[in-house]
Amino acid sequence: MAKIEILHADHYLIPLPRALEDSMHGTMAGFEVVTARIRDADGAEGVGYTFTCGVNGGAIADILGREMAPRIAGRDADLTEAIWKDLWWAFHYGGRGGPTVLALSALDMALWDLKAKRAGLPLWRLLGGYDPRVPCYAGGIDIDLSPEELVDQTHANIAKGHRAIKMKVGRDRLSEDVAKIAAMRDAFGPDLPLMVDANMKYTVDGAIRAARAFREFDLIWFEEPIPPDDPAGHARILTEGGIPVATGENLRSLWDFKTVIDSGGVSYPEPDVTNCGGVTPFMKIARLAEAHHLPVTSHGAHDITVQLLAACPNRSYLEAHGFGLENYVTEPMVLEDGHAIAPDRPGHGVDFDWDRLETLRA
Ligand SMILES: [Mg+2]
């Protein structure tokens, strides 16, 4: 039995090389990372982490360190389902969703890392094993860029090995978004897989209008056209707008995903392992999508998520997110000809450079 001895939480502020901007979160100069480190009685360690775009990292670290740590001490770390269910219900009344589920996501990820390390397997093999080569796209956070700057950025991403691109939309004038998408198609042709992401900017009718304006550009998907709380609105956008819809980075549970899938309002469910509750619910969401004949994509945290999509026969694209950890991990994600490669190291394969992170402690 892998008896849990200690859970340790840490909170860091990571500056971005260039401030990033989208339609609803404004300008982001940096992001928060909260880590959860679990050590078992044999001295084996599992690491999990979650992100924020600048708010509530301290609360998440407190929930992990002060509230969750004493509740899991002494438990069998292999019982990921039992620990997940007990914590979900322990925190349900005073903390369903929000920072609690981000904390639970980091903790659950640490348990799976520990389990895979103890098994001597990379996580993608432990979770089922499908294909370590996962199609990947560069997720730009770039609503502030001009059409020319967007094209330059895309050339740089293609030089890095990307073969698919997502760009932000949701400027105040729809014609500006259309001009930027047209510039991308002019520069890179009709075959570049291209997605757009509105970060919940629109009303339902506004999103239908935008989708119809985007239709001629043959987009892979239109992401988060509206806030997550309107499944029926998503269904209207998908049917009346006439292009595929992706959503999920602001859904916070397996049951949130069930609701939007049942509504018929999502073509590409898009869970984020750092905020949907961790590896345990992420894989259930992926299998739920599979049962509905839907491809599953992802949001954020690409270094770990490549392992999860490598275990899913219905995987679509992995997002290579703008909040990169490449300067803070010992072995950054490998990209080959448009595919991210899930490493074969035991565990989830994300090893933090703790000395480097220490200089950014919040
Ligand atoms: Mg998004």
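A residue counts as buried when its relative accessible area is under 20%, as exposed when that area is over 50%, and as partly exposed in between. Keep that rule handy for this tour of a predicted model.

**Stop 1: a histidine in a helix**

Select H234 and colour helix α9, residues 231-241, which holds H234. Is H234 buried or exposed? With a relative accessibility of 1%, H234 falls under the 20% limit, so H234 counts as buried. Now show its neighbours. Leaving aside residues up to four places away in sequence, H234 touches I226, P227, P228, V245, T247, V260 and G265. Try displaying those side chains as sticks and turning the view around H234.

**Stop 2: a buried salt bridge**

Next come the salt bridges. How many does a search of the whole structure find? The search finds 26 salt bridges, and we will visit a few of them.

Select K166 and D197. These two form a salt bridge, with their closest N and O atoms 3.5 Å apart. K166 sits in strand β5 (residues 165-168) and D197 in strand β6 (residues 194-197), so their pairing ties together parts 31 residues apart in sequence. Check the burial of each partner: K166 is buried at a relative accessible area of 1%, and D197 is buried too, with a relative accessibility of 1%. Now add K168, E223 and E319 to your selection: salt bridges with shared partners join them with K166 and D197 into one network.

**Stop 3: a link across 203 residues**

Move on to E336 and R133. Their side chains meet in a salt bridge, at 3.2 Å from N to O. Which strands does this pair tie together? E336 belongs to strand β11 (residues 334-336) and R133 to strand β4 (residues 133-139), so the salt bridge connects parts that lie 203 residues apart in sequence. E336 has a relative accessible area of 40%, which makes it partly exposed. R133 is partly exposed as well, at 33% relative accessibility.

**Stop 4: strands β1 and β2**

For the last stop, select E5 and R39. Here the closest N and O atoms of the salt bridge are 4.0 Å apart. E5 is in strand β1 (residues 4-22) and R39 in strand β2 (residues 26-40), and the pair links distant parts of the chain, 34 residues apart. Why does E5 count as partly exposed? Its relative accessibility is 47%, which lies between the 20% and 50% limits, so E5 is partly exposed. R39, with a relative accessible area of 35%, is partly exposed too.

Conventions
Residues numbered from 1 in each chain as written. Predicted model: local features only at pLDDT ≥ 70, side-chain atom pairs only at ≥ 80, totals over all residues. Heavy atoms only, no water. Helix = DSSP H or I, 4+ residues; strand = E, 2+ residues; numbered from the N terminus. Buried < 20%, exposed > 50% of the residue type's maximum accessible area, 1.4 Å probe, protein only. Contact = heavy atoms within 4.5 Å.
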